[in-house]
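Biologist: Could you take one part of this model and go through it closely, with its neighbours brought in as they become relevant? I would like a connected account that I can follow on the structure.

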Amino acid sequence: MYQTSPKSQADLKFHNLKLVFDLVKREGPISRASLAKRTGLSPTSMTRIVNVLKRIGLISEHSVAQAGVAGRPSTLLEICADAAYCLCVDAMPNVSKVTLVDMATKQAVYRELVTVSGTSFETVADELNAMLGEMCRDAGITRDRIACCGMSISGHVLRNGYIAASSQMQWADIDGVGILERALDMPAIVENDCKAALLGEQYLLSCAGESTANMAYVKFGWAGVGSAAMVDGMLLRGSRNAAGEIGHFNSQLEGLSGDRCEFKGCFEHTISESAVIEHARSINPACASLAGVNEAIANGDERIIKLMNDICEYIAIAVSDISCAYNSDRIILSGNIITNLADCYQNVLRYVERRLTRSVQPNLQVCLSKMGTNASLYGMNCLAVEETIKRLLSNDTGF
Ligand SMILES: [Zn+2]
């Protein structure tokens, strides 16, 4: 589902299997013939994939007598949603979201975990472990049915799930995967929240039949600007898994002071939520929150209106930079300043329109996140289900 242009033979095999699984999940019960027609795979390939999925317990086949049709009953495939479950977490300052999902990516139980900034990662992992018992009870399943844990987190997460730095959670140099695996006694994956969110948005869009090969996601967070990009269907990662991030692209020589990062000219110092508020407050002390900024705009405070126009133009510069760097067709925006600041999104669209290079970006769509604050958790659900399928396959000698 994530790789529309898989590179290796193994990737291609998994890609096709995932394609069939997702289609059965979305449209099942469905016949093999319809699957072959929908995927373009040969009947031989389809038989092989269906047999593998049946062997690892992810789909089942039923004979169904067709009303009014004489002769052989047709066989239809559907997924075994309760074949396994995943524990997914979107770690955030104050309150983290925790969910148990089945193989249909359907939420069985939802919980919130208080994660005050500064709480150690080990403590959070132990609290998750304690919560998991209750969640299993509520879902009516035993703990051994949970195949893996997936956690998304803002900040710099390496490809292997090592947390290099998360300023929001005040975590640095942490073996996130190792700690989760030991505390929960199950395989774990840890992913950057924007990369997870992009995969979640991509999955929803592809379900709706939209093209998703070249897209990007930007989150204007409290202290930073996180982003992720997909090029030709591949999520960009880079040597330290930071490809696609534009938070430290420079927008000016010198921005606000503060502890966002040591170089003061980057987007984090201009268009993160805290930077916007700090800037506004330096002009009008009543602007201590986005609501205060909106009030100042409504009251006709010319200097704040000018500042907000500048902010929107900087956001448009960020969007334009992304589309020039990655040649995206679609850029999804999220975060409080985009959704809660008066007319911000409309103004950004206006400024983006002025900056487009027609030959490079003729079809660029800049849209708001459909899933809003749930995008990272949803993406994590998709990633954890995918990881579970890979683990089930690794035990299948015939794949
Ligand atoms: Zn920076």
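Modeller: What follows starts from one strand, β6, and works outward to the elements around it. The model is predicted, and everything below should be read with that in mind.

Strand β6 covers residues 146-153, and eight of its eight residues are buried, so the strand is largely enclosed by the rest of the structure. Two strands pair with β6 in the parallel sense: β3, residues 85-91, over seven bridges, and β10, residues 188-192, over five bridges. To find these pairings on the model, one can look for I153 of β6, which is the bridge partner of A91, and for S152, which stands opposite E191 in β10.

From β3 the pairing carries on into β4, residues 94-102, but here the sense is antiparallel, with six bridges between the two strands. β3 and β4 make a hairpin in which two residues lie between the strands, and L87 has L100 of β4 as its bridge partner. β4 in turn runs antiparallel to β5, residues 107-115, to which eight bridges join it, and in that pairing T99 stands opposite Y110 of β5. The hairpin of β4 and β5 has four residues between its strands, and T105 in this hairpin takes a positive phi near 60°. As general background to these pairings, strands of a sheet pair through backbone hydrogen bonds, either parallel or antiparallel.

Going on along the chain from β6, one comes to β7, residues 156-157, which is an edge strand of another sheet and pairs on one side only. That sheet is open and has three strands in the order β7-β8-β9, with antiparallel pairing. The other edge strand is β9, residues 171-174, and β9 pairs with β8, residues 163-166, in the antiparallel sense over three bridges. Within that pairing, A165 has A172 of β9 as its bridge partner.

V157 belongs to β7 and gives a way of relating this sheet to other parts of the chain. Since a residue is called buried when 20 or more other C-beta atoms lie within 10 Å of its own, V157, with 28 such neighbours inside 10 Å, counts as buried. Leaving aside residues up to four places away in sequence, V157 touches I163, A164, V190, E191, N192 and N241. Among these contacts, E191 is the residue that S152 of β6 stands opposite in β10, and N241 is 84 residues from V157 along the chain although the C-alpha atoms of the two are separated by 6.9 Å.

Two helices can be added to this picture, α4 with residues 121-139 and α5 with residues 176-184, whose axes come within 9 Å and cross at roughly 35°. Their crossing is right-handed. On the α4 side, the residues that meet α5 are F121, E122, A125, D126, L128, N129 and L132, and on the α5 side they are G176, I179, L180, A183 and L184. Sorted by class, this contact has eight nonpolar, two polar and two charged residues.

The last helix to consider is α6, residues 193-207, for which the geometry can be checked: at 1.5 Å a residue its 15 residues should span 21 Å, and its end C-alpha atoms are 21 Å apart, which agrees. Eleven of the 15 residues are buried, and α6 is therefore mostly covered. The buried residues are D193, C194, K195, A196, A197, L198, L199, G200, E201, Q202 and Y203. Just after α6, G209 takes a positive phi of about 80°.

α6 lies across β11, β12, β13 and β14, and runs at about 50° to β12. These strands belong to an open sheet of five strands with mixed pairing, in the order β13-β12-β11-β14-β15. Its edge strands are β13, residues 234-235, and β15, residues 365-368, each of which pairs on one side only. Inside the sheet, β11, residues 215-220, pairs with β14, residues 330-334, in the parallel sense over five bridges, and A216 has I331 of β14 as its bridge partner.

How values were computed:
Residues numbered from 1 in each chain as written. Predicted model: local features only at pLDDT ≥ 70, side-chain atom pairs only at ≥ 80, totals over all residues. Expected span 1.5 Å × (residues − 1). Buried ≥ 20, exposed ≤ 12 C-beta atoms within 10 Å, placed from the backbone. Pairing = 2+ DSSP bridges. Axes fitted to C-alpha atoms, helices over the stretch in contact; angles between N-to-C directions. Left-handed = near helix turned anticlockwise from the far one by under 90°. Contact = placed C-beta atoms within 7 Å. Nonpolar A, V, L, I, M, F, W, Y, C, P; charged D, E, K, R; others polar.
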